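Subject: Structure handover

Hi,

Here is the structure you asked for. Please load it first, then read my notes below.

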Amino acid sequence: MADGQSFPAIRRSQLGVVAALGLSQTLAWASSYYLPAILADPMAADIGVSRPVVFGAFSGSLLIAAAVGPAVGRAIDRRGGRGVLAWSNVVLAAGLVALAAAPGPVIFVMAWAVLGLGMALGLYDSAFAALAALYGREARGPITGITLIAGFASTVGWPLTSILNDALGWRETCVVWAAVNLLVALPLNRLGLPAATLAQEPRAAQGGSVGWKPYREMFLLAFVFSACWFVTGSMAAHLPRLLEQAGATPIEAIAAAVLVGPAQVGARFAEFLVLRRLHPLVSARLAAALHPLGACALALLGPAALSFFVILYGAGNGLLTIARGTVPLALFGPSGYGERTGLLGAPARAAQALAPLAFGLLLDELGLASILISAGACLAALGALLCLRARPRSTGE
């Protein structure tokens, strides 16, 4: 498998790890990244701030996650992922309790800062690095497996958060999610994930940091993930509004937007069943092309193409999440994988954090024409992906 082009499916011995990590990832995403979509309004009303302040604090937490990510990746490279992922649940729980107890804006913002650290420790990049530490180049199947399970994080998290908020209030909802992190997710990460194995020793023996080498490939991938995650952040915040700009009614926009989740999971099944036989760059290039195709259809056909656009966007986003873990593994191998994914994820998270504000301003100024910006970002990412070679090269350049 030195050419990085053949990856096995999930082995029977890996199923328990994938199930544990998939469930713990679902809970981690639901209790952090997906909270503001449901709780922003009650938080703002209770704390006495505007809704933009809540999302500003959330964006700040993503920037903190971006800054801390490389150090987290290096820690996983050296010691494996079990301890880091277990600590993520402790930190997320602490942030949620602080959020619930916040009497005003200052503590509220500080609580989101703690949640940013927890997200750096516990979301996809760390889980991918933990799997690469355990399985090396055979981690593609397990990476796809946990994204299949955690792809339902919003599907599970949003309704549960809404139900808890209606029944208990937003502060008590945060406390419940903190308890879930400690009582469910923490044992899953601690007991479901093996300790670092012999596969970890060659990376530990290297000592030092791998940094951005090889520079050309790393910078190209950093651009790819930043451009694509800008689109992801933009659509996550403004998709219904964008669909309304295309001529949909509010009900039609919401009905179409709910197709994102199923499209993501469907694309990940396709990756697991079919595309895994190909180099991950093929999946990444396909993913980058899907949003522009849907954008062209939406611009030309208007409301008639709503579902088509959403399905293509969702499918592309689902594949890109996997590509973020599998493309660096295929190009550079497992050595220094955690640090590299942390470095690559830093600008991507920053772009994702700034996207809601930036794309919202574009929508205000350009209307539906703003979709040309998001399509152009994906086409630029596709161009960068076409500049990458499928055969891995030496990482010592």
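Cysteine 296 is partly exposed, at 47% relative accessibility. Keep in mind that this is a predicted model. A search of the whole structure finds zero disulfides. Cysteine 296 is therefore in none: the cut-off is 2.5 Å between sulfurs, and the nearest cysteine sulfur, on cysteine 378, is 11 Å away. Cysteine 228 is unpaired too, in that it takes part in no disulfide. Its nearest cysteine sulfur also belongs to cysteine 378, here at 4.9 Å. Cysteine 228 is buried, with a relative accessible area of 1%.

Next, the salt bridges. The structure holds eight. Three of them are described here.

- Arginine 51 and aspartate 41 meet through their side chains at 2.7 Å, N to O. Arginine 51 is in helix H3 (residues 51-79) and aspartate 41 in helix H2 (residues 36-47), ten residues apart. Both ends are partly exposed: arginine 51 at 38% relative accessibility, aspartate 41 at 47%.
- Aspartate 125 and arginine 349 form a salt bridge at 3.9 Å, N to O. Aspartate 125 lies in helix H6 (residues 124-135) and arginine 349 in helix H16, so the pair ties together parts that are 224 residues apart in sequence. Aspartate 125 is buried at 9% relative accessibility. Arginine 349 is buried as well, at 9%.
- Aspartate 364 and arginine 241 pair at 2.2 Å, N to O. This bridge links helix H16, which holds aspartate 364, to helix H11, which holds arginine 241; the two residues are 123 apart. Arginine 241 is partly exposed, with a relative accessible area of 31%.

There is also a network. Salt bridges with shared partners join Asp125, Arg324 and Arg349.

Now helix H12, residues 250-257. Which of its residues are buried? They are Ala253, Ala256 and Ala257. Why do they count as one side of H12? Because they cover an arc of only 100° around the axis, they sit on the same side of the helix. The face turned away from that buried side carries exposed residues, Ile251 and Ile254. What covers the buried residues of H12? The cover includes helix H11 (215-245), helix H13 (260-273) and helix H15 (306-332). Helix H11 has come up before: arginine 241 of the bridge to aspartate 364 is in it.

On to the surface. Leu23, Leu182, Leu183 and Val184 make a nonpolar patch of about 350 Å². Helix H9 (residues 170-192) gives the most to this patch, with three residues. Leucine 23 is found in helix H1 (residues 15-30). Leucine 23 is partly exposed, with a relative accessible area of 37%. That clears the patch cut-off, because patch residues need over 30% relative accessible area.

Two single residues are left.

Serine 283 is in helix H14 (residues 280-301). Is serine 283 buried or exposed? It counts as buried, at 4% relative accessibility. What does serine 283 touch, not counting residues up to four places away in sequence? Its contacts are Arg140, Glu271, Leu275 and Leu319.

Alanine 369 is in the loop between helix H16 (337-366) and helix H17 (371-386). At a relative accessible area of 37%, alanine 369 is partly exposed. Where does leucine 242 stand relative to alanine 369? The two are 127 residues apart in sequence, and their C-alpha atoms are 9.7 Å apart in space.

If you want places to start looking, try these three. One is the network of Asp125, Arg324 and Arg349. Another is cysteine 228, with the sulfur of cysteine 378 at 4.9 Å and no disulfide. The last is H12, with its buried alanines Ala253, Ala256 and Ala257 and the exposed Ile251 and Ile254 on the face turned away.

Best regards

How values were computed
Residues numbered from 1 in each chain as written. Predicted model: local features only at pLDDT ≥ 70, side-chain atom pairs only at ≥ 80, totals over all residues. Heavy atoms only, no water. Buried < 20%, exposed > 50% of the residue type's maximum accessible area, 1.4 Å probe, protein only. Helix = DSSP H or I, 4+ residues; strand = E, 2+ residues; numbered from the N terminus. Arc of directions from axis to C-beta. Contact = heavy atoms within 4.5 Å. Patch = residues over 30% accessible without salt bridge, like charges linked within 9 Å, V, L, I, M, F, W, Y side chains within 5 Å. Areas by Shrake-Rupley, 256 points an atom, 1.4 Å probe, with all protein chains shown as cover. Salt bridge = Lys/Arg side-chain N within 4 Å of Asp/Glu carboxyl O.
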